[in-house]
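Grab a pencil and work through the exercises below with the model open. Each one sets a task and then walks through a solution.

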Amino acid sequence: MKAVIDPRAGFCGGVKRAIHVAEDVLARGGSLAVKGELIHNRLEMERLGRLGLEIVDEAQATGGKPILVRTHGEEAAFFERAAASGAEVVDATCPKVLRSQKVIRRAHEEGRQIVIVGHVNHPEVVALQGHCDGRALVVKREEQIPAALDPSQPTLLIAQTTVAPEVFVDWQERLTGLIPDLQIFDSRCSFVTRRQQELVTFAAEHPAIVFVGGRNSSNTALLYNVCRQANPRTYFVENETELDPAWFKSIDRVGISGSASTPMWLLQKVAEAVETLVAA
Ligand code: SF4
C-alpha cells in the first residue's frame, strides 16, 4: 500500500503568509494574540499555541498583547477601536481580501447597493460588511432574491473569496437583466478555483482518497465535496486517529489531500498512519 500525498495540497498563499507573520513575531520573543482561530485547523492552532499564540475574544482584542488580524480581515471599526485603545495591530489580512474590502468601500462611497455572495456569519463576510457600514445584502446558494434588493439602484455584486464558481455565476445570471446598472467584481480566490481543478485530477488518479481538514473550515467543506464528486471513495478525517482500515481493502494506492488550511505536516502524518495501518 502506497499513500501518495497530493503535491499541490497545503496552505494557500494567504494562510502561509499569516502563519509566517505570527511565527516571526513569536520567534523574536514577542507576544501575540489573535481574535478567534488564525486558520480553521485545530491541530495547527494547537501547534501555534505551543509557540505562544493566544486566542482571545473581541473584548480582549483591543487591549493587552499585540493583536494579529487574520486572513479574513477585520471591519474598519476594529482598527479604529485598536487605535483608540493604543493596541498594536499586526495585520495579516490576505491581499485578496484587502482588494475586496477596497472595492466594497469604493462602491459604498459611490452610493451603490452591495450584494455579497457568501455566508452571512463567515468572518470574511462580517468584516466586508464592516467596510460599508453593514449595508450589504448577503446571499447564498439557491436563496431567493432578497426583498430588500432594489433593482433600480446601481449595484455591486461581489463574493466571499471561497464561494464556489457555479454559485457566483448563478447570482450573476439572476441579477444581470434585473438590475440595469450592475457592476460585477469577481473576487473569488484564484487559488481556490485552481485547487478545485487540480483536486479533481488528483482524485480521479487514485482508487481512494483520504481528505484531511478542519470540520469548521468552509474551504475544507467545499474542497471535500469537489473531491467526493470526482471520486466517491473519498473519506474525510481531521487527523490520523479517525482512519478506518476498511477503507483500504483491496487497493494498493491511496491519495492524501487537504484544503487550503491543512498543514503539510498533518498530511504527512496521515500518510504514514495509513501505510502503518494497512501493514499491521
Ligand atoms: S484562500 Fe485565497 S483569499 Fe483565502 S486566504 Fe487563501 S489566498 Fe487568501
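**Exercise 1. Work out how strand 1 and strand 12 pair, and place both in their sheet.**

Step 1. Strand 1 and strand 12 run parallel and are joined by four bridges; strands count as paired if DSSP finds at least two bridges between them. The strands themselves are DSSP runs (E, at least two residues), helices are runs of H or I with at least four, and both are numbered from the N terminus. A3 sits opposite V254 in strand 12.

Before going on: this is a predicted model, where local features need pLDDT of at least 70, side-chain atom pairs count only at pLDDT 80 or more, and totals for chains, interfaces and linings use all residues. Residue numbers start from 1 along each chain as its sequence is written.

Step 2. Strand 10 (residues 209-212) is also joined to strand 12 by four parallel bridges, with V210 opposite I256. Strand 10 pairs with strand 11 as well, again parallel and over four bridges, and there V212 faces V237.

Step 3. Put together, that's an open four-stranded sheet with parallel pairing and the order 1-12-10-11. Strand 1 (2-5) and strand 11 (234-237) each have a single partner strand, so they are the edges and one side of each lacks a neighbour in the sheet. On average, neighbouring strands are turned by 25 degrees against each other, direction ignored.

**Exercise 2. Decide how enclosed strand 12 is, and find the helix lying across it.**

Step 1. Call a residue buried if 20 or more other C-beta atoms (placed from the backbone) lie within 10 Å of its own, exposed if 12 or fewer, and partly exposed in between. Five of the six residues of strand 12 are buried, so the strand is largely enclosed by the rest of the structure.

Step 2. Helix 8 (residues 190-204) lies across strand 10, strand 11 and strand 12 (253-258), at about 160 degrees to strand 12. Such angles run from 0 to 180 degrees between N-to-C directions, with axes fitted to C-alpha atoms, for helices over the stretch in contact. Contact means C-beta atoms, placed from the backbone, within 7 Å.

**Exercise 3. Sort out the two faces of helix 7.**

Step 1. In helix 7 (residues 165-175), the buried residues are V167, F168 and W171. They share one side of helix 7 because they cover an arc of only 95 degrees around the axis, taken from the directions from axis to C-beta atoms.

Step 2. The face turned away from that buried side carries the exposed E166, V169 and E173.

Step 3. The buried residues pack against strand 6 (113-117), strand 7 (137-139) and strand 8 (155-159).

Methods: Contact = placed C-beta atoms within 7 Å.
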